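Work through the exercises below with the sequence and the structure open. Each task is followed by a solution in steps.

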Amino acid sequence: METVIARMCDGINEAEISRAGEILRGGGLVAFPTETVYGLGANALDAEAAGKIYRAKGRPSDNPLIVHIADWDAIYKIAAEVPAEAKLLADAFWPGPLTMILRKSDVVPPATTGGLDTVAVRLPDHAVARALIRAGGGYVAAPSANTSGRPSPTKAEHVAQDMDGVIDMIIDGGDVEIGIESTIVDLTDGTPTILRPGYISREMLGRVLGAVEVDRALISEDSALRPKAPGMKYRHYAPKAQLFIVQGPQQLVREKINALAEENKAAGLRTGVIGTDESQAFYANALVKSIGSRRDEGSIARHLYGILREFDESEVSVIYSEAFDTPQMGQAIMNRLIKAAGHQIISV
Ligand code: TXA
Ligand code: MG
């Protein structure tokens with residue numbers, strides 16, 4: 001199939017949005033920008049269309065999709081119950097990078113929710129995304145628009161790398177703003193619980209809701225614990241090279257990485273390093289990439305997935321990354337990085 005690219009970096013193109021809406025209403029697939037990462041959209045209320053998403057991504061069918069809406073009132077059609085906490089969170093954080101898990105209504109097919117009786121709902125903070133959702137009928141199921149197991153796309157070129165020839169259309173809205181997927185909070189099971197960390201931190205949720213828990217499977221070393229968000233159990237974002245996180249005091253981390261790079265060189269291996277604007281000049285014997293500045297955690301989140309993709313194009317066989325325990329998004333950034341590293345961490 002030919003994949004049409006519609007450019008909307010400078011705003012909405014109404015003609016292209018109606019064309020994209022028609023594709024969605026006809027059961028097709030359209031990738032689109034959001035403030036977090038690019039999504040791969042299909043009509044969420046059409047089981048067959050949702051099924052196409054799983055095939056395009058090579059995604060396991062038990063991994064449910066997030067339903068994207070453009071207006072608060074749309075929630076009442078897909079949720080069987082809308083608890084008071086949902087309204088409080090929507091007033092505080094929607095449109096924005098927050099996904100809520102609610103009991104689903106009968107109109108949402110099991111194909112969309114991976115067979116669960118709950119539904120994930122998000123109202124994104126991106127004008128192109130909301131225009132597309134409205135044009136497509138109001139309910140757009142969208143996982144990140146990458147092939148399963150690859151880093152999430154933060155620009156349209158990343159989507160094209162994975163989805164060209166496989167989906168009907170890609171809407172190019174330029175680089176995303178945040179770069180890491182939405183925070184997921186479960187409102188169906190007692191105390192609100194974070195199932196996936198994101199831009200909206202536990203503290204920010206706590207200010208609105210009071211008590212907020214974190215899914216124990218996210219913070220425990222015990223791999224027998226099953227995460228409540230099915231997608232969190234998979235090893236995501238795996239780069240082709242071996243990735244190690246090196247953590248500890250900054251000076252020691254730099255020295256350790258340089259020592260390892262020198263050893264690798266002697267063994268004929270090429271090393272990659274994920275450093276920062278502040279540290280990159282320090283490294284030798286390696287292909288060094290800066291992820292951003294430690295003074296601007298947003299820059300680190302924004303470049304994480306792109307840097308992992310870039311390393312896939314280079315000939316390095318091992319990558320060392322500094323750790324990024326930044327104030328607001330540190331948990332989210334490290335959650336993604338630790339998964340990409342398959343939990344390989346070197347402490348100094
Ligand atoms: O920022 C985002 O959320 C992006 C953009 C495109 O909106 N979307 C995204 O979707 O990250 P995806 O499919 O890559 O991740 C969805 C996560 C998975 O871990 C899935 O298991 C979980 O949400 N999830 C979806 N529905 C769920 C449900 N009913 N109960 C528990 N977890 C759910
Ligand atoms: Mg994903």
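**Exercise 1. Salt bridges across the chain**

Find what joins the side chains of Lys155 and Asp175, and place both residues.

Step 1. In this predicted model, local features need pLDDT of at least 70 and side-chain atom pairs count only at pLDDT 80 or more, while totals for chains, interfaces and linings use all residues. Residues are numbered from 1 along each chain as its sequence is written, chains are lettered from A and ligands numbered from 1 in the order in which they are written, and side-chain values use heavy atoms, with hydrogens and water left out.

Step 2. The side chains of Lys155 and Asp175 form a salt bridge, at 3.8 Å from N to O. A salt bridge here is a side-chain nitrogen of Lys or Arg within 4 Å of a carboxyl oxygen of Asp or Glu.

Step 3. The pair links distant parts of the chain, 20 residues apart: Lys155 sits in the loop between β7 (140–141) and α6 (156–163), and Asp175 in the loop between β8 (169–172) and β9 (183–186). Helices (H or I, at least four residues) and strands (E, at least two) are DSSP runs, numbered from the N terminus.

Step 4. Lys155 is partly exposed at 28% relative accessible area, and Asp175 is exposed at 56%. Buried means under 20% relative accessible area, exposed over 50% and partly exposed in between, with a 1.4 Å probe and protein chains only.

**Exercise 2. Two further pairs and the count**

Locate the partners of Lys228 and Glu310, then state how many salt bridges there are.

Step 1. Lys228 pairs with Asp189 in a salt bridge, with 3.0 Å between the closest N and O atoms. Lys228 belongs to the loop between α8 (216–219) and β12 (242–247), and Asp189, 39 residues apart from it, to the loop between β9 and β10 (193–196). Both count as partly exposed, Lys228 at 37% and Asp189 at 48%.

Step 2. Glu310 has a salt bridge to Lys289, the closest N and O atoms again being 3.0 Å apart. Glu310 is in helix α10 (residues 297–313) and Lys289 in strand β14 (residues 287–290), so this salt bridge ties together parts 21 residues apart in sequence. Glu310 is partly exposed at 42%, whereas Lys289 is buried at 18%.

Step 3. Arg150, Asp162, Arg309 and Asp312 form one network through salt bridges that share partners. The count comes to 17 salt bridges.

**Exercise 3. Tyr305 and Arg336**

Decide whether Tyr305 and Arg336 are buried or exposed, and list what each touches.

Step 1. Tyr305 is found in helix α10 and is buried, with a relative accessible area of 0%. Arg336 lies in helix α11 (residues 330–340) and is buried at 1%.

Step 2. Beyond its neighbours within four places in sequence, Tyr305 has contacts that include Val37, Pro151, Glu181, Tyr237 and Arg336. Contact means heavy atoms within 4.5 Å.

Step 3. With the same neighbours set aside, the contacts of Arg336 include Ile180, Ser182, Pro197, Leu304 and Tyr305.

Step 4. A polar atom of the Arg336 side chain is 2.8 Å from the backbone oxygen of Pro197. A polar contact is a pair of N or O atoms within 3.5 Å; within protein, one must be able to donate a hydrogen and the other to accept it, and residues adjacent in sequence count only if both atoms are side-chain atoms.

**Exercise 4. The surroundings of ligand 1**

Describe the shell around ligand 1 by residue class and by element, and name polar contacts to the ligand.

Step 1. The ligand is surrounded by 29 residues, the closest being Thr36, Asn63, His68, Ser182 and Gly231. A residue is near a molecule if one of its heavy atoms lies within 4 Å of it.

Step 2. Oxygen atoms of ligand 1 lie 2.7 Å from a side-chain N or O atom of Asn63, 2.6 Å from a polar side-chain atom of Ser182, and 2.6 Å from a backbone N or O atom of Gly231.

Step 3. Taken alone, ligand 1 exposes 680 Å², of which the protein buries 97%. Accessible areas come from the Shrake-Rupley method with a 1.4 Å probe.

Step 4. The elements giving two or more residues to the shell are β4 (66–68), β6 (118–122) and β10. The largest share, 4 residues, comes from β6.

Step 5. The shell has 16 nonpolar, 8 polar and 5 charged residues. Ala, Val, Leu, Ile, Met, Phe, Trp, Tyr, Cys and Pro count as nonpolar, Asp, Glu, Lys and Arg as charged, and the others, Gly among them, as polar.
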